[in-house]
Amino acid sequence: MVKLDETGKELRGPFRRVKHKLALRMKLAGMELIERSVPVTAVTACCTSDLVVWNPAGEICPTGDPHQVMRLLLLLRIAQLSGKKTVAINHNPEIGNNALGALIAHVYKNLCYLSVRDAKSVEVAIDLGVRNSIIHEAPDMVFLASQISVPEAASAIPRGAIGLAVNGLVAMQGVDEWARLAEGLNKVGRPIVLVSNAIHRDLAFARRLSRMIDKSTVINYQPRYQQLRSIYRKCDAVISSRLHASILALCEGVPVVSIEPSVFKVSAIFRNLIIRSKLKDCSRLVGLIGSLPS
């Protein structure tokens with residue numbers, strides 16, 4: 001996890017590339033020079049813990065790898081067969097893989113608690129056969145962000161810039177229209193700043209997209225929370241397939257053009273916001289009508 005506050009530290013530039021290329025721990029474990037105890041430890045923990053909690057932190061496949069998710073679901077099932085309580089929290093059950101969908105349905109039916117982020121996810125969970133009594137809707141923690149602008153100054157952002165926060169892990173899984181987007185942005189002639197709340201995952205795609213855009217700047221490090229908000233505040237608009245980037249930009253009063261990165265991860269949450277906003281406006285209207293003289 002890369003934190004967004006001042007305590008988060010990560011290697012940058014050539015040091016990060018060298019670390020990934022060396023993959024020292026993986027190679028030493030492969031040669032059995034150090035112990036590869038992670039699988040045994042994980043299974044043992046699932047069999048002996050009183051409670052096993054899975055937090056996908058967003059979509060079920062945050063890294064785009066269904067095999068990783070299958071391994072995690074198998075661990076949950078091992079815990080269930082061992083008589084332990086299991087919980088899944090903080091995500092949208094978006095499923096685009098039939099085999100994965102069947103496994104999710106089987107494991108989720110045996111959960112003791114399921115927390116999802118939006119109303120659409122509640123419907124999907126019920127369709128999977130999950131008991132309605134254990135399903136709870138809890139919005140993402142990003143909605144606790146204050147609407148008061150943070151004071152920290154941003155990096156030098158060009159006047160009239162448009163921010164781009166694109167989920168690079170899933171950007172190429174659909175129809176490739178990025179060249180068309182870049183062409184349109186070039187016609188607009190605005191400076192483009194590519195930065196997200198998960199730049200460590202999005203950087204490679206941001207650089208690729210930047211090569212197609214004339215006036216573009218890539219923020220090649222992870223800004224802290226306040227820095228990120230300051231960057232978005234300087235933009236005239238933000239185009240985003242990242243939920244957190246979208247909400248932080250909206251907190252700064254910046255218009256957001258949202259791109260759905262998956263099945264309904266972002267669109268379902270914005271649909272919730274629109275519906276609740278309309279209900280709030282209706283209640284205000286009813287209150288206003290009620291206060292009028294007869």
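**Side-chain contacts across the chain**

F205 counts as buried, at 8% relative accessibility. In this predicted model, F205 belongs to the one aromatic pair that the structure holds. The partner is W178, and the two rings meet edge-to-face, with 5.1 Å from centre to centre and 70° between the planes. Because W178 lies in helix α7 and F205 in helix α8, the pair ties together parts that are 27 residues apart in sequence. W178, like its partner, counts as buried, with a relative accessibility of 11%. The description of this contact rests on two values, as a pair of aromatic rings is described by the distance of the centres and the angle of the planes.

Charged contacts come next. A search of the whole structure finds eight salt bridges; three of them are taken up here in turn.

One of the eight joins R117 and D140, whose closest N and O atoms are 2.5 Å apart. R117 sits in the loop between β4 (113-116) and α6 (119-127), and D140 in the loop between β5 (135-137) and β6 (162-165), so this bridge ties together parts that are 23 residues apart in sequence. Both ends are well below the 20% relative accessible area under which a residue counts as buried: R117 has a relative accessibility of 5%, and D140 likewise comes to 5%.

A second salt bridge is formed by D176 and R208, with 3.8 Å between the closest N and O atoms. It links distant parts of the chain, as D176 is in the loop between β6 and α7 (178-188) while R208 is in helix α8 (residues 199-210), 32 residues apart. Helix α8 is thus met again here, having already appeared as the helix that carries F205. Neither end of this bridge is buried: D176 is partly exposed, with a relative accessible area of 45%, and R208 is partly exposed as well, at 37% relative accessibility.

The third salt bridge brings together the side chains of E252 and R229, at 2.8 Å from N to O. Here too distant parts of the chain are linked, with E252 in the loop between α10 (243-251) and β10 (256-258) and R229 in helix α9 (residues 225-234), 23 residues apart. E252 counts as buried at 10% relative accessibility, and R229 counts as buried at 1%. This contact does not stand alone, since salt bridges that share partners join R229, R233 and E252 into one network.

Key: Residues numbered from 1 in each chain as written. Predicted model: local features only at pLDDT ≥ 70, side-chain atom pairs only at ≥ 80, totals over all residues. Heavy atoms only, no water. Salt bridge = Lys/Arg side-chain N within 4 Å of Asp/Glu carboxyl O. Helix = DSSP H or I, 4+ residues; strand = E, 2+ residues; numbered from the N terminus. Buried < 20%, exposed > 50% of the residue type's maximum accessible area, 1.4 Å probe, protein only. Phe/Tyr/Trp six-rings, centres within 6.5 Å; stacked < 30°, edge-to-face > 60°.
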